Amino acid sequence: QVQLVESGGGNVQAGGSLRLSCAASGIIFNIHRMGWYRQAPGKQREMVAEVTTGGSTTYSDSVKSRFTISRDNAKNTVYLQMNSLNPEDTAVYYCNARGTRTPYTPPSDYWGQGIQVTVPS
């Protein structure tokens, strides 16, 4: 079993900041990539930001220059610093980890339960 536990969501005024955290635990051999996705009401889930074990990052165009993803490999924890938030950022944010449970199994995707971020208009 692999568990991802998210924290740090909530309500914030437009222009404000929040920091999300996600810690992975359980039986896992190696996590290749961790990231954040989000799903707004009536919309499909979309990638927000990802970071590899080596530190390479990818951002969606809508959050580039406002959000920063970082990772503590030793703690299997990923963070998302969100600045200059606006109402379009309102969504449920999901933590994602792609990794292998043993040296012999193919990688799988694991998901957190999601955490609400609300920026009132």
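This passage goes through the disulfide, the aromatic pair and the charge-over-ring contacts of a predicted model.

Start with the cysteines. A search of the whole structure turns up one disulfide, and the residues it joins are Cys 22 and Cys 95, with the sulfurs 2.0 Å apart. The torsion about the S-S bond comes out at -85°, making the link left-handed. Cys 22 belongs to strand E3 (residues 18-26) and Cys 95 to strand E9 (residues 91-100), so the bond ties together parts of the chain that sit 73 residues apart in sequence. Both ends are tucked away from solvent: Cys 22 has a relative accessibility of 0% and counts as buried, and Cys 95 is likewise buried, at 0%.

On the aromatic side, the structure again has one pair to show. Tyr 37 and Trp 111 place their ring centres 5.0 Å apart, and because their planes meet at 75°, the arrangement is edge-to-face. Like the disulfide, this pair links distant parts of the chain: Tyr 37 sits in strand E4 (residues 30-39) and Trp 111 in strand E10 (residues 108-111), 74 residues apart. The two partners fall into separate accessibility classes. Tyr 37, at 16% relative accessibility, is under the 20% cut-off and therefore counts as buried, whereas Trp 111, at 36%, is partly exposed.

Trp 111 has a charged neighbour as well: the charged end of Arg 45 sits over its ring, 4.8 Å from the centre. A further contact of this kind involves Arg 19, which lies over the face of Tyr 79 at 4.2 Å from the ring centre.

Methods: Residues are numbered from 1 along each chain as its sequence is written. This is a predicted model: local features need pLDDT of at least 70, side-chain atom pairs count only at pLDDT 80 or more; totals for chains, interfaces and linings use all residues. Side-chain values use heavy atoms; hydrogens and water are left out. Rings of Phe, Tyr and Trp (its six-membered ring) pair if their centres lie within 6.5 Å; planes under 30 degrees apart count as stacked, over 60 as edge-to-face and the rest as tilted. Helices (H or I, at least four residues) and strands (E, at least two) are DSSP runs, numbered from the N terminus. Buried means under 20% relative accessible area, exposed over 50%, partly exposed in between (1.4 Å probe, protein chains only). A charge sits over a ring if NZ of Lys or CZ of Arg is within 6 Å of the ring centre and within 35 degrees of the ring normal. A disulfide is a pair of cysteine sulfur atoms within 2.5 Å.
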